[in-house]
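Work through the exercises below with the sequence and the model open. Try each task before reading its solution.

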Number of protein chains: 4
Amino acid sequence: MPEVVFSVDQSKSMREQAVPGHNRWHPDVPLAAMVRPGQEFRVECREWTDAQLGNNDSANDVRDVDLNLTHMLSGPIGVEGAEPGDLLIVDLLDLGPVPQETGEVPGQGWGYTGVFAKANGGGFLTDYFPDAYKAIWDFHGQQCTSRHLPGIRYTGITHPGLMGTAPSADLLAKWNRREQALIDTDPNRVPPLGLPPTESGALAGQADGSEAQRIAREGARTVPARENGGNQDIKNFTRGSRVFFPVFVKDAKLSMGDLHFSQGDGEITFCGAIEMGGFIDLHVDLIKGGMDKFGITTNPVFMPGNVEPRYSEFLSFSGISVDHDTDTNHYMDATVAYRRACLNGVEYLKKWGYTGEQAYLLLGSAPIEGRISGIVDIPNACCTLYVPAAIFDFDVRPTAAGPAREDRGQCAVTS
Amino acid sequence: MPEVVFSVDQSKSMREQAVPGHNRWHPDVPLAAMVRPGQEFRVECREWTDAQLGNNDSANDVRDVDLNLTHMLSGPIGVEGAEPGDLLIVDLLDLGPVPQETGEVPGQGWGYTGVFAKANGGGFLTDYFPDAYKAIWDFHGQQCTSRHLPGIRYTGITHPGLMGTAPSADLLAKWNRREQALIDTDPNRVPPLGLPPTESGALAGQADGSEAQRIAREGARTVPARENGGNQDIKNFTRGSRVFFPVFVKDAKLSMGDLHFSQGDGEITFCGAIEMGGFIDLHVDLIKGGMDKFGITTNPVFMPGNVEPRYSEFLSFSGISVDHDTDTNHYMDATVAYRRACLNGVEYLKKWGYTGEQAYLLLGSAPIEGRISGIVDIPNACCTLYVPAAIFDFDVRPTAAGPAREDRGQCAVTS
Amino acid sequence: MPEVVFSVDQSKSMREQAVPGHNRWHPDVPLAAMVRPGQEFRVECREWTDAQLGNNDSANDVRDVDLNLTHMLSGPIGVEGAEPGDLLIVDLLDLGPVPQETGEVPGQGWGYTGVFAKANGGGFLTDYFPDAYKAIWDFHGQQCTSRHLPGIRYTGITHPGLMGTAPSADLLAKWNRREQALIDTDPNRVPPLGLPPTESGALAGQADGSEAQRIAREGARTVPARENGGNQDIKNFTRGSRVFFPVFVKDAKLSMGDLHFSQGDGEITFCGAIEMGGFIDLHVDLIKGGMDKFGITTNPVFMPGNVEPRYSEFLSFSGISVDHDTDTNHYMDATVAYRRACLNGVEYLKKWGYTGEQAYLLLGSAPIEGRISGIVDIPNACCTLYVPAAIFDFDVRPTAAGPAREDRGQCAVTS
Amino acid sequence: MPEVVFSVDQSKSMREQAVPGHNRWHPDVPLAAMVRPGQEFRVECREWTDAQLGNNDSANDVRDVDLNLTHMLSGPIGVEGAEPGDLLIVDLLDLGPVPQETGEVPGQGWGYTGVFAKANGGGFLTDYFPDAYKAIWDFHGQQCTSRHLPGIRYTGITHPGLMGTAPSADLLAKWNRREQALIDTDPNRVPPLGLPPTESGALAGQADGSEAQRIAREGARTVPARENGGNQDIKNFTRGSRVFFPVFVKDAKLSMGDLHFSQGDGEITFCGAIEMGGFIDLHVDLIKGGMDKFGITTNPVFMPGNVEPRYSEFLSFSGISVDHDTDTNHYMDATVAYRRACLNGVEYLKKWGYTGEQAYLLLGSAPIEGRISGIVDIPNACCTLYVPAAIFDFDVRPTAAGPAREDRGQCAVTS
């Protein structure tokens, strides 16, 4: 086992760790550890909300979650010799839930999928499912099941939802400027268009006093993906993957968290992955001057590994950029098209006895693929949602006999 | 070989065939042939423009193409017993270029990829590549190469870009209404927001006289994907696939065309697939009342086959819904995010010596995957473009040594 | 379509073709055609017995087949510049049954699998199935079904069972010497240990008179795989594959035939593949002096392509080198171990209602994998037989409910 | 993490554990633990020799290993309700090296591959490599490298080489009888034809005194695979797999060990896998009366999981049942054919600068596939060895340029 350079005691909040992590992007969060190019090391992680949610049958904790605390990240890890303009190579050697433990904290043998209420962030189908919902998943090696989703068992593509390098001060300023400009176009929208910096709930690692306050005041929220990677939620970023991150500050300052036991493309329920704490084993290296050499400036590049769970039979639902409820045509809008593909998948699953909420939770967490199939055929974008047939313990394909409808219970709801 | 129920003489235009096809969606295009549930049959197809483009080194024919002639479809094929509300099962037994022939028509041993000029339809990156470009591809069994893209060889995922059932009169009226409403929001846009019916260039199969004129006047253009399937451009809809189409009219009236030797997700260059004429072998069956049974109303459902070319190593470029040129943040816009992912891929390939145009043509036609990775992390959608490493005859991965830059020529341009 | 350099009229025997092929390995079979390194070309093939078997419900034709006529090969094709010591690169661009035709000859829309009678060659389980049996398969694109094997449908891994370069005179002499030495150890065995040259039924291409007689007298039978490749029956040698053949004579003299729509590893029923005539599209090139450069002397090397049908769920039956009928232990004998694995698979399938003969025919023709799992654990070799679950239209996995036994008819038998 | 029902302190020998395991098959080895159908549990394992080998650069420990101590198994685990005639379902939820530890014992961050000397067991190519050799492998997540095999890095298909149920007294007697009969045919052979029971080194779990002596005297050696599974060395028996074992005694008495970080088909170097201690997480269930229901009597059946490392490009070396050194033809001998395929692979790798010993060690441990391609084409069996191209950090394919020969060092040898 490689050396643990960032350790977490799962019985304590991130704030109470010997070396606490952080939940804002800022170049001045102090280094939590240093590693060398070529080194292998382990990083331990808290679940993204710092374990605000429990292994129970109520969605009240999803409804009431404090999102200002998220995402609780481990790091920053400095890489010796890294300078702005380099590419940081990160190999994902291994990752998983909290090893050797069972307990109350997500990642200790279980995880959860949540649909956030419209009033608290919402999700991709929030206009159709405005309330909070939850499903608890039990881990069985690389497979999982849920008492809230009977008839389902699948192998997770386990990955960190969030990993990235620290922004430079300039880049951070740019983020805050452009996101505020967007928010300003509709400042009272629910859910909001974006999340500006907020001191509430902020954690700045080992910084304290006025420095911590400044970081909290300036630091970018961790919700979106940005030029540094961040919350990309790429479900295929699993064991064996290699990522090339742009380096914007001295030492690169790599941070990570938001571990997912599994997630579908798009993570459509917002915290739609199966959320958990756990560990990541990494190897890092540098390509000096790599950003310019390879033209990689506004994004990471990654190479998937070769141990992803293999699914061979899919049901694929297409969707187009038309709102069929109002019969309104949107122009080449892949977001609308993927939403329709998801809704089409939900309708299909309801015919087999799942509630819409259950179907929504399933599509958020199972290893579904979301593809942009047609993006030039005016006026309709066409997206496709691929659902692996093997995740069901019944034959889910359409046949002349019609669907085998059963009472399949319900997910956790609010009270 | 199954019986040919729709035959094409590739030396003649679709208009001159013994039984001509059609290029508009309309319930009253007369049946070209009838088949029974359970039957296997072959349909022959013209290339989508009716072969307006040639195997040469100029993109003038792309620039000057008459889009009112497209897509030249084969059909409609009636299916005995099909009624509105049924699901039509279509199995893609086999498909390919024009068998046993070499010649001047796309599909006779070769195909082409085109970038349309902004003034004539444009493509996904039309603001970056406003002119017309072309690459000619030679077929070698299931693989292809292009004299306009040296260093590239790959196996195509051959598929029909377009297949669908006829709309009912009501559905057709709905299409025309909602698309006109969209066009009306910016009627003079270049490229336009949508294409309304036009009599120019219309072909209504075996209808003639005033009936043909009426069909031309009312018939929906074939460009976008819609509830009936249509131009979905799903690159994985290849040999061994099964599709379930909603049936909206008596006999279902299945039509198809726009064969692609290969295409990347999104078909980003507009006619970005490798376009060709050829053949499709099909098997059909019915699920009576299947639309209601399975909740399939606004879209087809499909199941990919098991003979897709297998790629195991990818370079994945992510993109977010930020216009980095103007530093403008778009809200959860997957279209913008995928465009950035494509631009990021283009920049990377330019470092190896390809021109931007070549890279664009490559991403349109090669078996790339376009994924919606994050669609809920406000305000940034995150999309990913997966480029198979094996399509290059050099090692395209980032290394400390930097890219092996070479003069890789240029694609066909306009004169 | 590439140029046809060896054409076959399927209405005539190989002997009656304008340019006939051959059915013996000999360096002096005259060239049927010449190609250049870098050239793509098509070769047409007769089914391996020269179409002695019919699309009917009797196995009498299997019982009575004249094996002296086999394998009817197309070629030899000369490759310009090829010299002994080179490696001949052969790319399999495409292959398939007889295009555009239906008819009476295997490959015209159908093929067959046969179990040979013990008295006429036998098969791998000949002591258990000493009589002749047959199943007819109908082709549906790349998939096939059989009226003699209800409940089965799969995608074939289509390939040439036999391809090879001509032996030198020295190599041919070596073959004849060592095989005769083996035969001499038990000359009256049924089935025989090997097949020495025989003039009966021999075909020497365009040679005639005394030259043809000499070739017939000296020419090695085509049954086994040897240093030149030959009847390797490698089921994965399908579209997209590349082979490196040792060159033993000037011009290499490449010959091929014995096309299989599908075959299981081992081709256990002897003509256990789905046999057919058809076509192969090839590309050839040379590595000058490649045999020494790469240490390839007694065997071809091949690289599988990337369009093999993909199966993801298998039932794997293991077998060890023990004859359980007599409780006799064989030492590290992979042949015995694989036979037991096959018998174990047959017993399993019988529980579902197939006859032993049907199960045997299925394992010979379906895309099963035969693996050497343990070959050093004295005294028992361990082999495994992987049967893809997806070839059955029922759930073939073991469950507490027991197998769904049905009357599944019978294959074609002798009368 | 599931409950540990069999725990191992890696700092102690198996003999010194609180509950020791066993190294002989015998129905009377006392139960080490009981589990229920449906239960998930963890079993910890010692490396198969009980850690006689070290992380060093000498093969002396391989040469001098005491094989009477092998295989040190964990168990027997009783399954409540299991009776003779049942099938025991075993799901492999997870497995891996010793978690959270680095150290001196194989499995603590490293493992080894050994070629045994001819005088001490030998290997598959012992006539070509009669001495002892070793390579040490370092683990990096699911990947591994070796200082003794530069240029190699691959993802292991981690699995237990050995798992099985206890034989009944009758079955045990049958084993001893038939194996002794084999040994008696050449009792002085080196290496021996088989290994009879021996008291030397025997460990009988918690049995002691005369009972332990009786078990040692009667108990079958664990080397070969037999009807109960045992040392099958099936490399694909990895995470996510399900096995169906015949039950021969009350409580089934499941035992396991011989964990392999990776292994090639055949495990050709004898302890050719990458040997290690570690853990296995299991789930068990029963099919009552399953042996008769499914005709499973002399073998386990298994279903591979869907997380095997995926390789897409292979070099495949074929071999036939001819001893080319003496030009002797063996009749349909798959063992000889696979040996030739292995030797052909070794020769090829030597051209790139590896020593024969290194190549042999590589083929034993890397995820190569060994296939029985042709087993009916008299007189030559044809086997194929598939070597994944991706395990090399150079392009290992044959090209006109010839192999990139380099000094690649040497493995550990004896002194």
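The exercises that follow concern a predicted model.

**Exercise 1. Two domains in one chain**

Task: State how chain A is divided into domains, and describe the contact between them.

Solution. Step 1: domain 1 of chain A covers 3-303, and domain 2 covers 314-413. Step 2: the C-alpha centres of these two domains lie 27 Å apart. Step 3: domain 1 of chain A gives 32 residues to the contact, and domain 2 of chain A gives 27 residues. Step 4: on the domain 1 side, the strands β6 (110-115), β7 (133-140) and β15 (270-275) of chain A each supply at least two residues. Step 5: by class, that side of domain 1 consists of 16 nonpolar, 10 polar and 6 charged residues.

**Exercise 2. A strand and its partners**

Task: Decide whether strand β5 of chain D is mostly covered or mostly open, and find the strands β13 and β16 that pair with β5(D).

Solution. Step 1: β5(D) spans residues 87-97, and 11 of its 11 residues are buried, so the strand is mostly covered, given that a residue is buried if 20 or more other C-beta atoms lie within 10 Å of its own. Step 2: β5(D) pairs with strand β13 (residues 242-246) of chain D in the antiparallel sense, over 5 bridges. Within this pairing, L88(D) has F245(D) as its bridge partner. Step 3: β5(D) also pairs with strand β16 (residues 278-287) of chain D, again in the antiparallel sense, over 10 bridges. Here G96(D) has F279(D) as its bridge partner.

**Exercise 3. The contact between chains C and D**

Task: How many residues does each of chains C and D bring to their contact, and which strands pair across it?

Solution. Step 1: chain C brings 87 residues and chain D brings 87 residues. Step 2: the chain C side has 44 nonpolar, 25 polar and 18 charged residues. Step 3: strand β18 (residues 314-320) of chain C pairs with strand β17 (residues 301-303) of chain D, antiparallel, over 2 bridges. S316(C) stands opposite F302(D) in β17(D).

**Exercise 4. Relating the two copies**

Task: What turn and shift lay chain C on chain D, and which residue of chain C comes closest to the rotation axis?

Solution. Step 1: a turn of 180° with a shift of 0.0 Å along the axis lays chain C on chain D, with an RMSD of 0.0 Å. Step 2: the two copies are therefore related as by a two-fold rotation axis. Step 3: R371(C) comes closest to that axis among the residues of chain C, its C-alpha lying at 2.3 Å. Step 4: the same surface serves both copies, as 100% of the contact residues of chain C recur in chain D.

Methods
Residues numbered from 1 in each chain as written. Chains lettered and ligands numbered in written order. Predicted model: local features only at pLDDT ≥ 70, side-chain atom pairs only at ≥ 80, totals over all residues. Contact = placed C-beta atoms within 7 Å. Nonpolar A, V, L, I, M, F, W, Y, C, P; charged D, E, K, R; others polar. Pairing = 2+ DSSP bridges. Helix = DSSP H or I, 4+ residues; strand = E, 2+ residues; numbered from the N terminus. Least-squares fit on C-alpha atoms with pLDDT ≥ 70 in both. Buried ≥ 20, exposed ≤ 12 C-beta atoms within 10 Å, placed from the backbone. Domains from an automatic or database assignment.
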